[in-house]
Amino acid sequence: MTVFEHPPMIPYARQDINEDDIAAVEQVLRGDWLTQGPTIPKFEETVARRVGARHACAVNSGTSALHLACLAAGLSPGQRLWTTPITFVASANCARYCGAEVDFVDIDPRTHNICPDALEEKLKRAELENTLPKVVIAVDFAGQPADWGRLRLLANQYRFVLIDDASHALGATYRGDSLGSGRFADFTVFSFHPVKIITTGEGGMILTNDFLKARRLALLRSHGITRDTADMEGFAEGDWYYQQLELGFNYRMTDIQAALGLSQMQRLDSFIARRRELAANYDKFLRDLPVTRPWLSPDVLSAWHLYVIRIDTHEARLSRREVFDSFRAAGIQVNVHYIPVYLHPYYRRLGFTAGYCPEAERYYRECISLPMYANLSQTDQKRVVQVLTDTLD
Ligand SMILES: *Cc1c(COP(=O)(O)O)cnc(C)c1O
């Protein structure tokens with residue numbers, strides 16, 4: 001067998017699993033409940049307490065969490081959901097699952113989050129045309145909270161339900177308030193995919209302070225079935241009895257996943273501290289290169305899911321493609337977050353065309369996500385910086 005000598009690959013993101021995580025999962029595997037057991041509510045309570053929310057509903061993915069949040073928000077066929085184009089497709093697809101129409105609002109070129117001014121303009125026009133959205137989903141891109149103060153005021157004025165897709169931003173704060181507290185958004189959604197801040201393999205959670213909405217989320221997570229006699233029509237026929245009240249799904253998280261999540265939650269602060277340290281290093285090392293480094297609003301503490309730079313393609317005299325390829329050739333798996341959602345063939349078929357959100361498209365031409373994860377070593381980070389420096393020199 002030939003052994004090739006090459007430096008190990010550096011991914012753009014990865015999980016951090018330690019012996020405690022493994023022991024926590026093993027304990028569940030040796031116990032009575034692999035799913036629908038006591039670890040799920042423990043994990044829900046831990047996340048809810050941490051972010052200051054009253055209710056939490058753990059599910060099998062962030063995508064399922066978005067779908068259920070939209071249903072609980074009352075989003076129904078023919079209604080509208082607006083979101084940002086610079087996000088993962090799931091932030092828009094959740095509307096389509098509900099039979100609703102999707103529209104996009106351009107980004108703020110500094111934060112890359114949904115632009116409150118563009119949103120306000122679009123809302124004014126929609127009010128005149130009687131086409132206001134039922135739901136707006138803002139995404140805390142790269143871990144930086146969106147402009148929640150402005151978004152809440154607009155939600156109150158134009159009466160839409162505000163959903164926070166905080167898949168990137170568990171542990172982030174806006175004006176000192178944890179995302180998920182319900183101070184600004186009606187529902188907050190987290191994802192626990194391995195690239196995110198903490199992981200359960202696959203998994204997600206919805207946070208809300210509305211008791212009745214929380215009940216609805218729990219019902220929809222498991223087929224629309226209840227075993228609670230208080231919720232039933234008529235009377236329970238015995239201890240075996242349950243009722244399906246509406247058409248729900250099997251979006252349940254397992255206890256195996258919840259045990260991993262619970263164990264990961266104990267390191268949330270250290271994960272974010274390490275990410276912040278890596279971001280500060282990048283800021284320092286990239287200062288003199290023809291790139292725009294992330295800009296943070298003074299209102300926020302970011303969870304630093306991503307460290308995204310924009311290549312100054314004129315000064316660098318290189319395209320984003322060339323810089324990207326040079327990283328990949330050096331074994332560094334940089335990535336691009338994101339292709340504007342409406343440029344995907346599925347959304348083009350719904351009528352969207354290039355040019356719809358100019359700031360998002362300009363951003364897309366220039367962006368690269370550098371490796372960022374809690375266990376990225378100093379040596380590997382230096383290698384990333386060296387490759388970029390050599391490429392742009
Ligand atoms: C990861 C992600 C999702 C989807 O989460 P899954 O757990 O992978 O289903 C949704 N929105 C954003 C912004 C994400 O980054």
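These legends walk you through several close-up views of one predicted model.

Residues are numbered from 1 along each chain as its sequence is written, and side-chain values use heavy atoms, with hydrogens and water left out. Because the model is predicted, local features need pLDDT of at least 70 and side-chain atom pairs count only at pLDDT 80 or more, while totals for chains, interfaces and linings use all residues.

**View 1. An open sheet of 7 strands is a good place to start.**
Its strands follow the order E1-E9-E8-E5-E4-E2-E3, and the pairing is mixed. Strands here are DSSP runs of E with at least two residues, helices are runs of H or I with at least four, and both are numbered from the N terminus. Two strands count as paired if DSSP finds at least two bridges between them. Strand E1 (55–59) and strand E3 (101–104) stand at the edges with a single partner strand each, so one side of each has no neighbour in the sheet. On average, neighbouring strands of this sheet are turned by 20 degrees against each other, direction ignored. Axes are lines fitted to C-alpha atoms, for helices over the stretch in contact, and angles run from 0 to 180 degrees between N-to-C directions.

**View 2. Strands E5 and E8 pair within the sheet.**
Strands of a sheet pair through backbone hydrogen bonds, either parallel or antiparallel. Residues 161–165 form E5 and residues 187–191 form E8, and the two pair in the parallel sense over 3 bridges. Look for aspartate 164, which stands opposite threonine 188 in E8.

**View 3. Methionine 205 sits in strand E9, and helix H7 lies across that strand.**
H7 (residues 211–221) lies across E1, E8 and E9 (204–208), and runs at about 15 degrees to E1. Methionine 205 is buried, with a relative accessible area of 0%. Buried means under 20% relative accessible area, exposed means over 50%, and partly exposed is in between (1.4 Å probe, protein chains only). Leaving aside neighbours within four places in sequence, methionine 205 is in contact with residues including Phe43, Val47, Ala58, Thr188 and Phe190. Contact means heavy atoms within 4.5 Å. Tyrosine 373 is 168 residues from methionine 205 along the chain, and their C-alpha atoms are separated by 21 Å.

**View 4. Helix H4 is mostly covered.**
H4 spans residues 90–97, and 6 of its 8 residues are buried. They are Ala90, Ser91, Ala92, Asn93, Cys94 and Ala95. These buried residues pack against helix H3 (62–72), strand E2 (80–83), E3, strand E4 (135–139), E5 and helix H12 (345–348). Just after H4, glycine 99 takes a positive phi of about 75 degrees.

**View 5. Cysteine 98 and cysteine 115 are both without a disulfide.**
A disulfide is a covalent bond between the sulfur atoms of two cysteines. With the cut-off for the sulfur pair set at within 2.5 Å, a search of the whole structure finds 0 disulfides. For cysteine 98, the nearest cysteine sulfur is that of cysteine 70, 4.9 Å away. Cysteine 98 is buried, at a relative accessible area of 7%. For cysteine 115, the nearest cysteine sulfur belongs to cysteine 357, 10 Å away. Cysteine 115 is buried as well, at 14%.

**View 6. The largest pocket has a volume of about 620 Å³.**
A pocket is found on a 1 Å grid over the protein atoms alone, as an open set of points with protein on both sides within 12 Å along at least five of seven lines; a cavity is a set of points where a 1.4 Å probe fits but cannot get out, and lining residues have an atom within 4 Å of a point. Grid points are joined across faces, edges and corners, and a volume is the space filled by probe spheres set on the points. The largest pocket is lined by 22 residues, with Gln36, Ala218, Arg221, Ser222 and Ile225 nearest its centre. Helix H2 (39–51), H7 and strand E10 (225–226) each give two or more residues to this lining. H7 gives the most, with 5 residues.

**View 7. The largest cavity has a volume of about 110 Å³.**
The structure holds 3 cavities of 30 Å³ or more. Among the 13 residues that line the largest cavity, Thr111, His112, Ala142, Gln144 and Pro294 are the closest to its centre.
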